[in-house]
Amino acid sequence: AKALDPRRAPMPQPLPPKENALFKLIVKHYETKQYKKGMKASDAVLKKFPDHGETLAMRGLILNCMERKVEAYEFVKKGLAKDIRSHVCWHVFGLVHRSDRDYKESVKCYRNALRIEPDNMQILRDLSLLQVQLRDRVGYLETRHSLLKLKPALRLNWLGLAVANHLLGRHERATNVLGAYENTLEGSTEPESAYERSEMALYKMELLRDGRKHAEALEALAKSEKVIVDKTAVREVRAELNLALENYSAAASEYRRLIDLNPEEHGYHAGLQAALLEQALPPPTLSNKPGAKSPYGASTTRRPVYTGLNPAQRSLLLSAYGELRTAHPRASAPRRIPLDVIDASTNEGAMRFDDAFSGYVIPMLRKGVPSLFADIRPLYEQPAKAARIGAIFDRWGSALANNGTLEGNRATPGGDGGSGAELPSTTMWVQFLLAQHLDKHGKHEEVILLFFLLLKGGSGWRCF
């Protein structure tokens, strides 16, 4: 059998003015979520016109919102059968399918509605949302283009078309769309907030950057810097663009300024290291792993790989981080990153690693940071560093068992009665870290023995 064309079905008789006003009231009650009032209004219309398709469909939509799914589908299908030429019935049928996450069927219903009412803005908007949901980028582009032709005065439609081109990788065309929109604003009195202008400028630079037009993006940034509200974003973009253009000195200066603003942001440190080593930015950490995205689809943290560095490169980075530790004595990142950079496979590197590890970990133990082991876990991927960490724990155990201090040094003021011994809480965190260290090496029986001795009131150190 041939598919039924809704446009060839007979046109139903319109409602009288009184019932038509009631139908509009049904729609209003649905939009304001006053479902019981909507049901009463639909009863009043159907009492006189029981075969009015749009009222039957709207009643089904309200029932769907009231979680009466079976009845909802019955009324919507009945309404569609009574008035197959109604774009309202097809739109409602699409909404019901969408609520059940049957997006493909919902798209079919929206397209049938648009065959009857091709210029309906609401249906076009709903269709565009589902096309993005289904990753139908080509269809999304066509829908956004239709919306722009219908309402060219709306900024949202211009931005939607630019985003549609961006999703298809047509960066130059997306940039041209934004440029065309900006041309329409010349001489316009339309109010535009500073924040909106700022976001538009940043998005335009993102398009240029994604299109590998780094020089043009840097030039556009210089022109738009005054209107951009987010000054940190300006520095981030300028740093990345200079790095992409191999202006390493300028990129390093920008990243140093960013680190001064937030010394704990590892992305800034990755950029600084790339600039100092005259390399490209490392890819996001989880970019090559399936499902490795943040909840909002943003890039994950960029973490450099240090295994391929030569001694000169390691020395350069360690020297830079020596300066950063001096400039930011309370920040943890300038003390943590050198632990990754240092090569512990040589005697000199092992001694340097021991000092850096103790300098980073001991303050954390005294503060009582529960996530400390998760922080240092990546160091175990290198056997030389794993061995050094084990030796450090042995030294700490001997020092605590003999004189109650770590590394033979006096603890922070306020220790145990001012004697210089570590606080009992510090000793507890050291023992907890030791248990995690043993567990990492698969020594589960020793971990159980350690906890048993601690619960018995012993130190547990002399057994390891």
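**Contacts, salt bridges and cores in an all-helix model**

Setting aside residues up to four places away in sequence, Leu261 touches Thr232 and Arg235. Leu261 sits in helix α14, and with a relative accessibility of 48% it counts as partly exposed. Thr232 is 29 residues away from Leu261 along the chain, yet their C-alpha atoms are separated by just 8.7 Å. All of this comes from a predicted model, so it pays to read the numbers below in that light.

Now for the overall picture. The protein has 22 helices and 0 strands. Of its 464 residues, 43% count as buried. Take the contacts between residues at least 6 apart in sequence: 52% of them join residues at least 24 apart. The accessible surface comes to about 25,900 Å², and carbon and sulfur atoms account for 53% of that.

Next, the charged pairs. Side chains of opposite charge can pair when their charged atoms come close. Searching the whole structure turns up 21 salt bridges. One of them joins Glu219 to Lys223, with the closest N and O atoms 3.5 Å apart. Both residues belong to helix α12 (residues 214-224), where a spacing of 4 residues puts them about one turn of the helix apart. Glu219 is partly exposed, at a relative accessible area of 47%, while Lys223, at 65%, is exposed.

Glu225 and Arg238 also meet through their side chains, in a salt bridge of 2.9 Å from N to O. This pair links distant parts of the chain, 13 residues apart: Glu225 is in the loop between α12 and α13 (231-244), and Arg238 is in helix α13. Why does Arg238 count as buried? Its relative accessibility is 17%, and the cut-off for buried is under 20%. Glu225, at 30%, counts as partly exposed.

Helix α14, the one that holds Leu261, has a charged pair as well. The side chains of Glu254 and Arg257 form a salt bridge, 3.2 Å from N to O. The two residues are 3 apart in helix α14 (residues 248-261), so about one helical turn separates them. Glu254 is buried, with a relative accessible area of 8%, whereas Arg257 counts as partly exposed at 42%. The pairs don't stand alone, either: Glu225, Arg238, Glu254 and Arg257 are linked in a network of salt bridges.

Turning to the nonpolar interior, the largest nonpolar core has 53 residues, and the members that touch the most others are Phe357, Val361, Ile376 and Trp396. Helix α18 gives the most to this core, with 7 residues. What is Phe357 in contact with, leaving aside its neighbours within four places in sequence? The partners are Leu339, Ile376, Leu379, Ile389, Ile392 and Trp396. A second, separate core has 35 residues, among them Met39, Ala41, Leu61 and Ile62.

Helix α21 gets a closer look. At 1.5 Å a residue, the 17 residues of α21 (residues 424-440) should span 24 Å, and the C-alpha atoms at its ends are 25 Å apart, so expectation and model agree. The buried residues of α21 are Thr426, Trp429, Val430, Gln431, Leu433, Leu434, Ala435, His437 and Leu438. What do these buried residues pack against? They pack against α18 (347-367), α19 (372-376), α20 (383-403) and α22 (444-455). After α21 comes Gly442, which has a positive phi, near 75°.

Helix α21 also has a residue in a surface patch. Met428 lies in this helix, and its relative accessibility of 39% makes it partly exposed. Together with Phe432 and Phe451, Met428 makes a nonpolar surface patch of about 250 Å².

Notes. Residues are numbered from 1 along each chain as its sequence is written. This is a predicted model: local features need pLDDT of at least 70, side-chain atom pairs count only at pLDDT 80 or more; totals for chains, interfaces and linings use all residues. Side-chain values use heavy atoms; hydrogens and water are left out. The expected span of a helix is 1.5 Å times one less than its number of residues. Buried means under 20% relative accessible area, exposed over 50%, partly exposed in between (1.4 Å probe, protein chains only). Contact means heavy atoms within 4.5 Å. Patches are made of residues with over 30% relative accessible area and no salt bridge: like charges are joined within 9 Å, nonpolar side chains (Val, Leu, Ile, Met, Phe, Trp, Tyr) within 5 Å. Accessible areas come from the Shrake-Rupley method with a 1.4 Å probe; for residues, only the protein chains shown count as cover. A salt bridge is a side-chain nitrogen of Lys or Arg within 4 Å of a carboxyl oxygen of Asp or Glu. A nonpolar core is a set of buried Ala, Val, Leu, Ile, Met, Phe, Trp, Tyr and Cys residues joined through side-chain atoms within 4.5 Å.
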